[in-house]
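Please open the model in a viewer and keep the selection tool at hand. The stops below each name what to select and then what is found there.

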Amino acid sequence: MKLSIIFPPLPFGWAPIAPPSLEYLAALTRRADPDIEIELISVSADPEAIDRLECDLAAISILTPTAVGGYQIAEKLRARGSKVVFGNMHASAMPEEAKSHGDAVVIGEAESVWPEVLRDFRAGQLKPFYRGEQIALDDLPTPLYGLLQGKRKHQFRIVNTSRGCPYNCTFCSVKPFYGPRIRFRPIDHVVRDVAAIPEKMYINGDENIWWTGKAQRAIDLFTALKGSSKRWMGFGSLGPVLSPMGSKMLNAARESGLLSLWVGWESISDEGLKAYAADSKIGVNRERAVKTLRDHGIDVSLFYMLGSREDSLDDFKRSVELADRLGVSMHPSLVVPYPGTKLREQYEPYIYKGLGWEYYNGAYALFEHPDPAMTPEVREEQFYESALEVLRLGRVLRHMKNVPLRSFPHAHILSLMSQIPVRHGMKIAYEKWKAERNIVAKKRQKA
């Protein structure tokens, strides 16, 4: 029996990060049935792989912007006689839709049901749906790091140390998928997985590397990782940075190899932040928290969204001013109301139903705005104007002077390795947008 685990193509080109679901699901498979032949495919890294693929069972991991590509892959493989099972966030949010393109759907987390899926397939008795449980994380296998190959080398692999999120951000899929309770992995298991990564740098793929009220857990983890010679980057909220234990936590993180923190700035305006119910995650003084991070030798990159129903045209210009004022790199996106989120429920009456999931990639205006001046075309034009400015090559290179000197040269190299692909992807998105804007405009007019 041959199993192919597939991650569909990304919307705007290849990224140097190995999709974590591939090597981790391979490890779950190896544990459940060591006799299964496993092949991993990241289509962005090896676009021709699907054309030559022959397998008995294909497991396709789909996020919303990759769902259409995943469905197209499934159609090709099923025509060759392969069975297809879908999983990950989009399949869990839209299981009936996913099932219409495949043979089975794993809803939620895979650990509790994946062995059953494999047994049922061998018996010729695949069920249409498998509902995974939110289990304790004390017995997760180490991903089969290095098993994923391809024509392009993946320079970063991801380690996860927890699941779940207690915050109520309306735009986020993490809480609906992983639940509100934070579940931590044993620290020695995390250290084991970090040691298994073949590269010298890695990404902590948690929703948050430190949680409000859980600073000691973060300090314990960072202290345990201090013995590793590897350096890393991760996602973190700003609230804990200014907590009483914040400085101790940041020092421990820096000593463990943390070079760069990707921060969810979420909205340029405080009003937008409150509308997203994200203000409790961010804290009371966002700019001071960013300065504190940089004072501790940690580079900062802000992820933020533009064009919400609460945003104004001024917010696009203010994003460029913010980058200049804080001396940070910026990763912008237009707002995406993902299925299964509170934001989707709130925006449902205003969503352009003619735009399929392939447009849910952060590069298109997907809903009506109450301000007549904020037409979808204007929002997209303003988005690309501001995004291409904050990602302009001169700015990317100039940011090198703002990266904390105590992290030289690793943080400086990392900054370029993360910003250049984003800049390249944004340019691809812009050219595609220009070529298709009239087609997209017509699709918005459809009911």
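Select Ser61 and Gly87: Gly87, in β4, is the bridge partner of Ser61. Strands β3 and β4 pair in the parallel sense over 5 bridges, where two strands are said to pair if DSSP finds at least two bridges between them. Element names follow DSSP runs numbered from the N terminus, with helices being H or I runs of at least four residues and strands being E runs of at least two. The model is predicted, so local features need pLDDT of at least 70 and side-chain atom pairs count only at pLDDT 80 or more, while totals for chains, interfaces and linings use all residues. Residues are numbered from 1 along each chain as its sequence is written, and side-chain values use heavy atoms, with hydrogens and water left out.

**The sheet around β4**

Keep β4 selected and colour by accessibility: 4 of its 5 residues are buried, buried meaning under 20% relative accessible area, exposed over 50% and partly exposed in between, with a 1.4 Å probe and protein chains only. Next, widen the selection to the open sheet of 6 strands, which runs in the order β2-β1-β3-β4-β5-β6 with parallel pairing. At its edges stand β2 (37-42) and β6 (129-131), each with a single partner strand, so one side of each lacks a neighbour in the sheet. On average, neighbouring strands of this sheet are turned by 20° against each other, direction ignored. Axes here are lines fitted to C-alpha atoms, for helices over the stretch in contact, and angles run from 0 to 180 degrees between N-to-C directions.

Move to strand β1 (residues 2-7), which pairs with strand β3 (residues 57-61) in the parallel sense over 4 bridges. Within this pair, Ser4 has Ala58 of β3 as its bridge partner. Now add helix α3 (residues 67-79), which packs on the sheet and touches β1, β3 and β4 (83-87); contact means heavy atoms within 4.5 Å. The direction of α3 makes about 160° with that of β4. Add helix α1 (residues 20-32) as well: α1 lies across β1, β2 and β3 and runs at about 155° to β1.

**Ala93**

Select Ala93, which is placed in helix α4 (residues 89-93). Is Ala93 buried or partly exposed? Its relative accessibility is 31%, so Ala93 counts as partly exposed. Leaving aside residues up to four places away in sequence, Ala93 touches Pro339 and Gly340. A distance label from Ala93 to Trp211 should read 26 Å, C-alpha to C-alpha, for a separation of 118 residues in sequence.

**The second sheet**

Select the open sheet of 6 strands ordered β7-β10-β11-β12-β13-β14, whose pairing is parallel. Its edge strands are β7 (158-159) and β14 (329-334), each pairing on one side only. Zoom in on β7 and strand β10 (residues 201-204), which pair in the parallel sense over 2 bridges. There, Val159 has Asn204 in β10 as its bridge partner.

**Helix α9 and the cavities**

Select the buried residues of α9: Ala215, Arg217, Ala218, Ile219, Leu221, Phe222 and Leu225. They pack against β9 (183-184), α8 (187-196), β10, β11 (231-236) and α10 (246-255).

Now display the internal space. On a 1 Å grid over the protein atoms alone, a cavity is a set of points where a 1.4 Å probe fits but cannot get out, a pocket is an open set with protein on both sides within 12 Å along at least five of seven lines, and lining residues have an atom within 4 Å of a point. Grid points are joined across faces, edges and corners, and a volume is the space filled by probe spheres set on the points.

The structure holds 4 cavities of 30 Å³ or more. The largest has a volume of about 70 Å³. Of its 13 lining residues, Thr161, Phe184, Asn208, Ile209 and Leu221 lie nearest the centre. Helix α9 (residues 215-225) gives the largest share of this lining, 3 residues.

For the second largest cavity, of about 50 Å³, select Cys165, Tyr167, Cys169, Cys172, Val174, Lys175, Glu207 and Lys281.

**The second largest pocket**

Finish at the second largest pocket, which holds about 270 Å³ of space. Among its 16 lining residues, select the closest to its centre: Trp265, Ile268, Asp270, Arg286 and Glu287. The largest share of the lining, 4 residues, comes from α14.
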